[in-house]
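Here's a quick briefing to read with the model open beside you. Skim the bullets by topic and click through to the residues as you go.

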Amino acid sequence: LNLKKGQKVDVNFATPPKSLVFIKEKINGKRLSKKKIELIIEDIVNNSLSEPEIALFISGMFKGGMTMKEIINLTKAIYKSGSHLNLKSKNIAEKHSIGGVPGNRTTPIVISICATTGMIMPKTSSKAITSAAGTADTIAAVARVEFNMKEVKEILRKTNACIVWGGSPGILPADSKIIKVEKILKIDPKSQLIASIMSKKLSMGTKYILIDIPYGGGSKFDKKKALLLKKDFEYIGKYFHKKIKCVLTDGSQPIGCGIGPGPEMEDIIKVLDPEKQGPKDLENKSIFLAGELLELTGKAKKNKGKLMAEKILYSGKAFEKFKEIIKAQEGDLKNLKKPKFEKNMLAKRSRKIKSIENKKISSLARITGCPLDKSSGLYLWVKRGESVKKGQKLITIYANSKNRLNEAVKFFRDEKPIK
């Protein structure tokens, strides 16, 4: 307040924000007008609403849902709350996953492949809400992810791409405050999910958007709900004049082997580096998604995107681009730290892997210290349908304290995430 010593100050009780009345309306299942939604978002940004009051708003969205008109108005309000990139190029593209699947760290690989073609890719990622790591958490294991818009522009000028945290100061403050509370509640309402993703794309001026919607046992959506979400994204994309393509992918088990920021970064490096062998499922999915984006933007002809993506990946060009991005974000792949403790969990008898439960795997990784502790997490040695022999490694648990390691081992034995 720039107060001076000796200056007199009147202190009064703040009147309850008017937006709280509108939040209660949403909890009671009422539809909110554009003005009411704008006032709620304005009060969130101005810190007029406390975290418990923001939690009420999230609960209202989760319980009663929102109409498409409400979602569009929520997207606009979140977008208006932050700063915008305003690049003159029309060649701006991005890939986004709605999450819910442990591992599945395709984004840095897809960005690295596509950015080599001259595509501009300002990727704004979330930190984990319910999972062991978000893309921003994984990149934070080796580089900076918090930048303002001026810094983002400079990174893009150098490399054509960036992978930064969407909640960085000034980018989209309303979105980051809502997500912070969602983490505590461990819920991610569909209306907020759509508005969060679309407001990020609008703030970056993205024209081409590829959205990965994993579905199946243990992921956020079953196939029916995934198809409805696809329809919603396509509708909202058309409304904002964006070219959106949604692809439905198998989310019934973890993708890749590493779970947690550090282990997932190791997977990314192994897939990108032509001299190393990474998890084949992560590699195949990344190539598929990169191919779809190359075709969407016209960089590749129809049905030729996958082949183009493979050539770029296997040539090592994508790995060089990834190292460029990490360097521009003041990072180094050598920053990747190793955990202090690890424990191998072994098969007690010779059997076939029936299922690997996503939610339990995410919970297990979070017990080890993910996503804040970058080097903790898991390494999966098996996939569903594979046969294992007695004494074979199923999973390795990484932690930086004995207590966390012991808690994780206990959880694994009690909850049996691998059946």
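What follows is a tour of the cores, sheets, helices and a few unusual backbone spots.

Keep in mind that this is a predicted model. If you only have a minute, start with the largest nonpolar core, which has 57 residues, and then look at the open sheet ordered β1-β4-β5. After that, try the pair of helices α12 and α13, whose axes come within 7 Å.

**Nonpolar cores**

- Which residues touch the most other members of the largest nonpolar core? They are I41, F57, L74, I98, F233 and I236, out of 57 residues in that core.
- L74 is a handy one to click on: setting aside neighbours within four places in sequence, its contacts are I37, I41, F57, M61, M66, S191, Q192 and A195.
- Apart from that core there's another one, made of 45 residues, and V101, A136, I287 and I312 are among them.

**The parallel sheet, β1-β4-β5**

- This one is an open sheet of 3 strands, paired parallel, in the order β1-β4-β5.
- Its edge strands are β1 (93-97) and β5 (243-250), each of them pairing on one side only.
- From one strand to the next, the twist averages 15°.
- Strand β4 (residues 208-215) runs parallel to β5, and 8 bridges join the two.
- To find that pairing on screen, look for P214, whose bridge partner in β5 is T249.

**The antiparallel sheet, β6-β9-β11-β7**

- Here you've got an open sheet of 4 strands in the order β6-β9-β11-β7, with antiparallel pairing.
- β6 (258-259) and β7 (341-346) sit at the edges with a single partner strand each, so one side of each has no neighbour in the sheet.
- β6 and strand β9 (residues 377-380) run antiparallel and are joined by 2 bridges.
- One place to see this is G258, which stands opposite Y379 in β9.

**The β2-β3 pair**

- Strand β2 (residues 121-125) pairs with β3 in the parallel sense, over 5 bridges.
- S125 has W165 of β3 as its bridge partner.
- Is strand β3 (residues 161-165) mostly covered or mostly open? It's mostly covered, with 5 of its 5 residues buried.
- In a regular strand, side chains alternate between the two faces of the sheet.
- Both faces of β3 are covered: one side carries A161, I163 and W165, the other C162 and V164, and all are buried.

**Helices α12 and α13**

- The axes of α12 and helix α13 (residues 305-315) come within 7 Å of each other and cross at roughly 120°.
- That angle is why α12 counts as oblique to α13.
- The crossing of α12 past α13 is right-handed.
- On the α12 side, the contact is made by K280, E283, I287, A290, G291, L294 and E295. On the α13 side, the residues are G305, K306, M308, A309, E310, L313 and Y314.
- I287 also turns up among the members of the 45-residue core.

**F288, a residue of α12**

- F288 is found in helix α12 (residues 280-296).
- Its relative accessibility is 30%, so F288 counts as partly exposed.
- Not counting residues up to four places away in sequence, F288 touches V247 and T249.
- F288 and D332 are 44 residues apart in sequence, and their C-alpha atoms are 27 Å apart.

**Helix α1**

- In helix α1 (residues 19-27), the buried residues are S19, L20, F22, I23, E25 and K26.
- What covers them includes α2 (34-45), α3 (51-64) and α4 (68-80).
- After α1 comes G29, which has a positive phi near 85°.

**Backbone spots to check**

- The C370 to P371 peptide bond is cis, with omega near 0°. You'll find P371 in the loop between α15 (358-368) and β9.
- N2 isn't a glycine, yet its phi is positive, near 55°. N2 is in the segment before α1, and it counts as exposed because its relative accessibility is 78%.
- K186 isn't a glycine either, and its phi is positive at about 60°. K186 is in the loop between α8 (173-185) and α9 (190-203), and it is exposed, with a relative accessible area of 52%.

Methods:
Residues are numbered from 1 along each chain as its sequence is written. This is a predicted model: local features need pLDDT of at least 70, side-chain atom pairs count only at pLDDT 80 or more; totals for chains, interfaces and linings use all residues. Side-chain values use heavy atoms; hydrogens and water are left out. A nonpolar core is a set of buried Ala, Val, Leu, Ile, Met, Phe, Trp, Tyr and Cys residues joined through side-chain atoms within 4.5 Å. Buried means under 20% relative accessible area, exposed over 50%, partly exposed in between (1.4 Å probe, protein chains only). Contact means heavy atoms within 4.5 Å. Two strands pair if DSSP finds at least two bridges between them. Axes are lines fitted to C-alpha atoms, for helices over the stretch in contact, and angles run from 0 to 180 degrees between N-to-C directions. Angles under 35 degrees count as roughly parallel, over 145 as roughly antiparallel, 65 to 115 as roughly perpendicular and the rest as oblique. A crossing is left-handed if the near helix is turned anticlockwise from the far one by less than a right angle, and right-handed if clockwise.
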